[in-house]
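Me: I would like to go through this model term by term. Please set each value against its definition.

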Protein chains: 2
Amino acid sequence: MQDGVRIERIQATGERVLETLPEKVLFDTVFGRIESTPRNLVCSSNKPAPGLGLECGDCDIKGLSICESLDADEFELLERIGRTQAFAAKATLFEQGRDAPFVSNITSGALRLSKLLPDGRRQVVGFALPGDFLGLAMQPTHMFTADALTPVKVCQFSRPGFSDLIDRKPKLMRAVLNMAAHELSLAQDQMVVLGRRTAEEKIASFLIGMRSRYARIHGPSVHVPLPMTRLDIGDYLGLTVETVSRMMTRMAREKTIVIVPDGVRLLDVARLEQLAEM
Amino acid sequence: MQDGVRIERIQATGERVLETLPEKVLFDTVFGRIESTPRNLVCSSNKPAPGLGLECGDCDIKGLSICESLDADEFELLERIGRTQAFAAKATLFEQGRDAPFVSNITSGALRLSKLLPDGRRQVVGFALPGDFLGLAMQPTHMFTADALTPVKVCQFSRPGFSDLIDRKPKLMRAVLNMAAHELSLAQDQMVVLGRRTAEEKIASFLIGMRSRYARIHGPSVHVPLPMTRLDIGDYLGLTVETVSRMMTRMAREKTIVIVPDGVRLLDVARLEQLAEM
DNA sequence: GCTTGTCCTTGACGAAGATCAAAAATTTTG
DNA sequence: CAAAATTTTTGATCTTCGTCAAGGACAAGC
């Protein structure tokens with residue numbers, strides 16, 4: 001037996017593989033932690049609302065996230081319990097069923113949120129982008145697994161700390177409630193997609209959806225980055241990789257989209273919107 | 001042209017039919033309102049917490065609903081903006097896309113919550129039972145249609161009034177948030193069912209799910225009422241009526257369930273749970 | 001009580017998408 | 001840069017579930 005830590009890795013197929021890793025590598029590979037800033041975010045304590053502190057001031061997504069709706073004192077309290085954390089691509093931020101010590105606000109990168117059935121079938125319940133919040137349900141254990149599709153940065157808050165804070169700051173709680181309500185609404189839309197749409201319509205609605213999500217971040221564009229694989233898309237839409245590939249190839253052949261290295265370019269948005277129509 | 005009100009009824013097929021109804025009948029048929037109590041609920045204003053007023057005191061579901069977590073003054077404020085309302089079976093409580101002047105707490109009966117695609121395909125996003133809350137999203141317009149499957153009673157609250165109230169009463173807001181979080185979690189479970197399960201597994205998970213929901217209300221039992229039609233079940237699970245019927249018949253033939261007039265009786269819960277396994 | 005309508009069931013057949021297999025393209029790693 | 005691994009694409013075949021059709025059960029209404 002080598003030196004190191006024995007871990008059991010669960011494959012996409014549900015198969016369990018035993019591996020032995022040196023302790024150092026364990027952290028980088030399994031937990032993917034490549035950088036940690038356990039000090040308080042800056043935004044120095046008694047600066048007034050408009051002049052935000054350095055790190056939060058530089059934050060690209062403060063207008064998109066939970067932070068948007070806060071006034072100075074709430075913002076400050078939030079900072080006090082938060083810290084930034086970075087993860088490498090392919091790292092697992094947390095796993096379904098494990099304890100949930102933190103809730104997080106994504107500041108950069110993209111995540112895949114998925115649920116695994118005992119036999120290895122997988123359902124991707126969403127993709128998280130900058131401004132999204134993980135842990136809205138505030139349950140003590142995670143309801144799905146979160147994997148980094150790209151390098152990811154998040155603001156983490158202790159879950160009990162965050163829970164106490166929202167109980168004392170109604171505006172913050174309202175922001176969380178609105179976010180949860182929005183997520184619920186998206187989940188119900190996705191139920192329609194999964195239950196009642198053809199493969200072609202599923203792909204169209206996925207592309208239109210990703211486009212509008214990136215529009216919030218980068219402004220509207222026909223270029224839609226797709227940091228996830230075809231397999232991930234299939235597992236999100238209830239299709240196989242092959243069907244996703246075939247449909248996207250067909251759409252490209254029909255000049256509805258162009259497939260580019262990091263995603264797609266939408267040539268015929270009207271056609272896609274018609275297919276995706278709610 | 002007869003006397004009355006012309007209405008356009010949208011069929012399940014998406015077809016639009018014009019009808020003319022006498023005004024009186026319009027309310028009963030289209031809006032299904034059969035009784036309204038616009039006065040305040042009783043629970044007379046200055047009675048203390050344990051001795052609840054008459055109507056709310058008689059309420060079967062106060063322990064299941066939003067009301068559970070409230071203290072005396074919050075409860076009283078909630079009563080002030082609420083009223084009870086009853087609907088006949090098959091009545092439409094509200095329609096997707098229409099203004100949402102109220103949020104409601106269901107006190108008895110069962111509802112079907114559904115979304116209609118432009119071409120008539122339908123996705124049932126949920127069934128609401130006593131204790132469930134409609135309007136968690138607190139959006140100004142309804143995101144789905146709610147139809148009564150049985151006679152239904154609800155406590156209605158003005159949406160703006162309720163929204164203001166939760167902003168002032170953090171405990172109430174927290175109750176709403178917890179409910180929304182729970183709904184979100186259920187919606188994500190349903191995504192797994194819709195995306196990655198076979199017809200047989202879908203039926204099993206539906207039956208197990210209905211059983212556990214009724215268990216909260218009536219206590220655990222192998223008798224599971226099914227107030228919805230096979231078509232409704234199909235539209236909930238992304239299946240056709242025929243497939244639902246075939247699968248249920250097969251399960252009955254295999255002695256996993258017994259089909260009874262108002263629902264099913266589960267003979268082999270273990271088998272169903274295995275099929276539905278998360 | 002008979003008609004009407006709705007709901008449920010069953011059978012025959014077909015199609016959308018899954019599965020299996022393998023090659024091509026792309027990315028990662030040493 | 002070459003080898004290895006992963007991802008994507010394409011083709012052939014199969015299966016599950018949808019579609020179409022029709023009969024039966026049941027409740028509602030005249």
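Reply: A residue is near a molecule or strand if its C-beta atom, placed from the backbone, lies within 6 Å of it. By that rule 17 residues surround DNA strand C, and the closest are A:T243, B:T229, B:R230, B:S245 and B:T249. This is a predicted model, in which local features need pLDDT of at least 70 and side-chain atom pairs count only at pLDDT 80 or more, while totals for chains, interfaces and linings use all residues. Residues are numbered from 1 along each chain as its sequence is written, and chains are lettered from A and ligands numbered from 1 in the order in which they are written.

Me: Which elements each supply at least two residues of the surface near DNA strand C?

Reply: Elements here are DSSP runs numbered from the N terminus: helices (H or I, at least four residues) and strands (E, at least two). α8 of chain A qualifies, together with α7 (230-237) and α8 of chain B. α8(B) gives the most, with six residues.

Me: What makes a residue of the surface near DNA strand C nonpolar, polar or charged, and how many fall in each class?

Reply: Ala, Val, Leu, Ile, Met, Phe, Trp, Tyr, Cys and Pro count as nonpolar, Asp, Glu, Lys and Arg as charged, and the others, Gly among them, as polar. On that basis the surface near DNA strand C has seven nonpolar, six polar and four charged residues.

Me: Which residues come nearest to DNA strand D?

Reply: A:T229, A:R230, A:S245, A:T249 and B:T243 do, out of 17 residues around DNA strand D. Two or more residues each come from α7 (230-237) and α8 (241-253) of chain A and from α8 (241-253) of chain B. Here α8(A) gives the most, six residues. The classes are six nonpolar, seven polar and four charged.

Me: Why is the relation between chain A and chain B called a two-fold axis?

Reply: Copies are superposed by least squares on the C-alpha atoms of residues with pLDDT of at least 70 in both. Chain B is laid on chain A by a turn of 180° with a shift of 0.0 Å along the axis, and the RMSD is 0.0 Å. That is the relation of a two-fold axis. The same surface serves both copies, since 100% of the contact residues of chain B recur in chain A.

Me: What makes two residues a contact, and how many residues of chain B are in contact with chain A?

Reply: Two residues are in contact if their C-beta atoms, placed from the backbone, lie within 7 Å. Under this rule 32 residues of chain B are in contact with 32 residues of chain A. On the chain B side, β8 (122-128) and α5 (170-196) give two or more residues, and α5(B) gives the most, with 18. That side has 19 nonpolar, six polar and seven charged residues.

Me: Where in chain A does pLDDT stay under 50?

Reply: pLDDT is the predictor's confidence in each residue, from 0 to 100. It stays under 50 over residues 1-54 of chain A. Where pLDDT is low, the predicted coordinates should not be read in detail. The mean for chain A is 82, and 80% of its residues reach 70 or more.

Me: What makes a residue of chain A count as buried?

Reply: A residue is buried if 20 or more other C-beta atoms lie within 10 Å of its own, exposed if 12 or fewer, and partly exposed in between, with C-beta atoms placed from the backbone. Of the 278 residues of chain A, 41% count as buried.
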